[in-house]
Amino acid sequence: MESIELTRLSKGSHEVVRLVGDLDLNTSGAAIEKLAAAAAVIEPPAVAVLDLSGIGFMSALGARALCAFNRACALRGVCTYWVAPSGSGARNILDLIGLTDLIPTFDSVEQSRQDQPLAT
């Protein structure tokens, strides 16, 4: 069975949650569980930065896992940004289904840290 790895790192007011692996039918269930656990410990006013630069392949089910993370963070009052480098497989899927129009998406973690959280 394939796996998806998750790491979490605090960078000031930003909590960087990084996924590595393929995010597809085989791994989306595990990703949802790991992302839910990560979302549960991020405290407002921190900003959750979901780093997808380590994703090799992502399916629509993978995108669903990301949306579940976003929803869990929003319910806790945590602003969420995504990192998916332009031209990457993850960014292509996010662009295709229109999620980059809804969720601030950056090319790098450093770029996401230059922005400020949206007022709630």
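These are my notebook entries on a predicted model, taken up sheet first, then helix α2, then a few single residues.

**Entry 1, the sheet.** I began with the strand order, and found an open sheet of five strands that reads β1-β2-β3-β4-β5, with mixed pairing. The strands at its edges are β1 and β5 (105–106), each of which pairs on one side only. I then went through the pairings of β2, where β1 (residues 4–11) runs antiparallel to β2 and is joined to it by eight bridges, with R8 having V17 as its bridge partner. The hairpin of β1 and β2 has two residues between the strands, and in it G12 takes a positive phi near 65°.

**Entry 2, from β2 to β3.** Between β2 and β3 I found parallel pairing over eight bridges, and within this pair V16 stands opposite V49 of β3. I followed the chain from β2 through α1 to β3, a β-α-β crossover that is right-handed. I also looked up how far β2 is covered: seven of its ten residues are buried, so the rest of the structure largely encloses this strand.

**Entry 3, the loop after α1 and the far edge.** In the loop between α1 and β3 I came upon P45, and the peptide bond leading from P44 to P45 proved to be cis, with omega near 10°. I noted this since most peptide bonds are trans. At the β5 edge I found β4 and β5 running parallel and joined by two bridges, with V83 standing opposite F106 in β5.

**Entry 4, the length of α2.** I checked whether helix α2 (residues 60–75) has the span its length calls for: at 1.5 Å a residue its 16 residues should span 22 Å, and the end C-alpha atoms lie 23 Å apart, which agrees.

**Entry 5, the faces of α2.** Which residues of α2 are buried? I listed G62, A63, A65, L66, F69, N70 and C73. Looking down the axis of α2, I saw these buried residues fall within an arc of 155°, so they line one face of the helix. On the face turned away from the buried side I found the exposed residues A60, R64, R71, A74 and L75. I then asked what covers the buried residues of α2, and the cover includes strands β2 (14–23), β3 (47–58) and β4 (79–83) together with helices α1 (28–41) and α3 (89–96).

**Entry 6, the two ends of α2.** At the start of α2 I found a side-chain oxygen of S59 within 3.3 Å of the backbone nitrogen of L61. S59 itself sits in the loop between β3 and α2 and has a relative accessible area of 17%, so S59 counts as buried, the cut-off being under 20%. Setting aside neighbours within four places in sequence, I found S59 in contact with L23, D24, L25 and I93. After α2 comes G77, with a positive phi near 80°.

**Entry 7, Q111.** My last look-up was Q111, which I placed in helix α4 (residues 109–113). Is Q111 buried, exposed or partly exposed? Its relative accessibility is 33%, so I entered Q111 as partly exposed. I also compared the position of Q111 with that of S13: the two are 98 residues apart in sequence, and from C-alpha to C-alpha they are 14 Å apart in space.

Methods. Residues are numbered from 1 along each chain as its sequence is written. This is a predicted model: local features need pLDDT of at least 70, side-chain atom pairs count only at pLDDT 80 or more; totals for chains, interfaces and linings use all residues. Side-chain values use heavy atoms; hydrogens and water are left out. Buried means under 20% relative accessible area, exposed over 50%, partly exposed in between (1.4 Å probe, protein chains only). The expected span of a helix is 1.5 Å times one less than its number of residues. The arc is that of the directions from the helix axis to the C-beta atoms. Contact means heavy atoms within 4.5 Å. A polar contact is a pair of N or O atoms within 3.5 Å; within protein, one must be able to donate a hydrogen and the other to accept it, and residues adjacent in sequence count only if both atoms are side-chain atoms. Two strands pair if DSSP finds at least two bridges between them. A crossover is right-handed if, with the strands pointing away from the viewer, the path from the first strand over the helix to the second runs clockwise.
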